[in-house]
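Please keep the sequence and the model open side by side while reading, since the paragraphs below move from one part of the fold to the next.

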Amino acid sequence: MKKILALLALAPLFGLGLFAATADAELPPLQNGDIVFQNTTNAAQQAIMLASGTEYTHMGIVEIDKKGRAQVIEAVGPVRVVPLDKWIGNGSGGRVTVKRVRDLDEGDAKQALERARYYLGRPYDHYFYEMRDQIYCSELVYAAFKEGPDIDVGTVERMGDLNIRTPAARKLIQQRWKSHPLCKAQGARTFDACYELILEQTVVTPASIARDPKLELVYSNFGFGAE
């Protein structure tokens, strides 16, 4: 019993995520346009984590509904809206980080949310390609702010500048290269030819958004070193 009590006492300090069911109750009041980050466990997102050097593998944008309840617009499967507590529960260990664009006014926040809602139902982009017919999680947040209030969050990076030469990332590309839209468009007939094209592809990662100095930290139970 003493060991359990000690672990509970240390949980807030080290972000042990022991309160997954009630993590949202610990959060400070959230606002429209807040950006939430979490860790998920599927193979593609773990490859993202290794490539970008962060624990954040998934993210979304907060919307406060008419009853004052926080929900999250996210790109996973189709772009959808889910209650914040459910969104937190879908992550690993109930861990969540909340960040806010500094000095974001309500008008800009609403524009970002309107743009995010424009993509509702859009399928998930498993290739992290820059076209918007399919869309991945950090691309949704980036597009919401860029195409809405014209605010840049995160950095558009060249795929080859990330650490995608890990076994996990290479295995993922090997599984998907034949159906990659860029490789199909360019007529790449071998993995090596497709891989060279992918290295020149651009991407916006959760890490680049989380590290953007325009964002301020609102809350996190991840502990030190998540970014």
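How many of the seven residues of β2 are buried? In this predicted model, six of them are, so that β2 is mostly covered. The paragraphs that follow look at the sheet to which β2 belongs, at the helices that lie across that sheet, and at some of the residues packed around them.

The sheet is an open one of six strands, in the order β4-β3-β2-β1-β5-β8, and its pairing is antiparallel. Its edge strands are β4 (79–83) and β8 (215–220), each of which pairs on one side only, and the twist from one strand to the next averages 30°. As a general matter, strands of a sheet pair through backbone hydrogen bonds, either parallel or antiparallel.

Individual pairings can be followed strand by strand. β2 and β3 run antiparallel and are joined by four bridges, with Ala-70 of β3 as the bridge partner of Ile-64. The hairpin that these two strands form has five residues between the strands, and in this hairpin Gly-68 takes a positive phi near 80°. β1 also pairs with β2 in the antiparallel sense, over four bridges, and here the bridge partner of Gln-38 in β2 is His-58. Three bridges then join β1 (residues 35–38) to β5, again in antiparallel fashion, and Val-98 of β5 is the bridge partner of Val-36.

Two polar residues of these strands deserve a closer look. Is His-58, in strand β2 (residues 58–64), buried or exposed? Its relative accessible area is 3%, and His-58 is therefore buried; the side chain of His-58 makes a polar contact with the side chain of Glu-74, at 2.6 Å. Lys-99, which is found in strand β5 (residues 97–101), likewise counts as buried, because its relative accessibility is 8% and the cut-off for burial is under 20%. A polar atom of the Lys-99 side chain lies 2.6 Å from the backbone oxygen of Ala-210. Leaving out residues up to four places away in sequence, the residues that Lys-99 touches include Asp-34, Glu-216 and Glu-227, along with Ile-35, Phe-37 and Leu-215.

Which helices lie across the strands? Helix α4 (residues 106–118) lies across β2, β3 (70–75) and β4, running at about 120° to β2, whereas helix α5 (residues 137–147) lies across β1, β2, β3, β4 and β5 and runs at about 45° to β2.

The contribution of these elements to the interior can be seen in the largest nonpolar core, which has 49 residues, and in which Ile-35, Phe-145, Ile-164 and Ile-209 touch the most other members. The elements that give two or more residues to this core are β1, β2, β3, α4, α5, α6, α8 and α9 (206–210), and the largest share, seven residues, comes from α5. There is also a second, separate core of twelve residues, which includes Leu-27, Val-62, Val-72 and Val-96. In soluble globular proteins, nonpolar side chains tend to be buried together.

Ile-209 shows what such packing looks like around a single residue. Beyond its neighbours within four places in sequence, Ile-209 is in contact with ten residues' worth of surroundings that include Ile-35, Phe-37, Met-59, Val-141, Val-153 and Val-204. Val-153 itself lies in the loop between α5 and β6, and it counts as buried because its relative accessibility is 0%. Setting aside residues up to four places away in sequence, Val-153 touches Val-101, Val-141, Tyr-142, Phe-145, Ile-209, Asp-212 and Leu-215. Val-153 and Val-204 are 51 residues apart in sequence, while their C-alpha atoms are 9.4 Å apart in space.

Helix α8 (residues 191–200) offers a last example, with Phe-191, Cys-194, Tyr-195, Ile-198 and Leu-199 as its buried residues. Why do they fall on the same side of α8? They cover an arc of only 145° around the axis, and this puts them on the same side of the helix. An α-helix has 3.6 residues a turn, so residues three or four places apart point the same way. The buried residues of α8 pack against β6 (157–158), α6 (167–176) and α7 (181–186).

Conventions:
Residues are numbered from 1 along each chain as its sequence is written. This is a predicted model: local features need pLDDT of at least 70, side-chain atom pairs count only at pLDDT 80 or more; totals for chains, interfaces and linings use all residues. Side-chain values use heavy atoms; hydrogens and water are left out. Buried means under 20% relative accessible area, exposed over 50%, partly exposed in between (1.4 Å probe, protein chains only). A polar contact is a pair of N or O atoms within 3.5 Å; within protein, one must be able to donate a hydrogen and the other to accept it, and residues adjacent in sequence count only if both atoms are side-chain atoms. Contact means heavy atoms within 4.5 Å. The arc is that of the directions from the helix axis to the C-beta atoms. Two strands pair if DSSP finds at least two bridges between them. Axes are lines fitted to C-alpha atoms, for helices over the stretch in contact, and angles run from 0 to 180 degrees between N-to-C directions. A nonpolar core is a set of buried Ala, Val, Leu, Ile, Met, Phe, Trp, Tyr and Cys residues joined through side-chain atoms within 4.5 Å.
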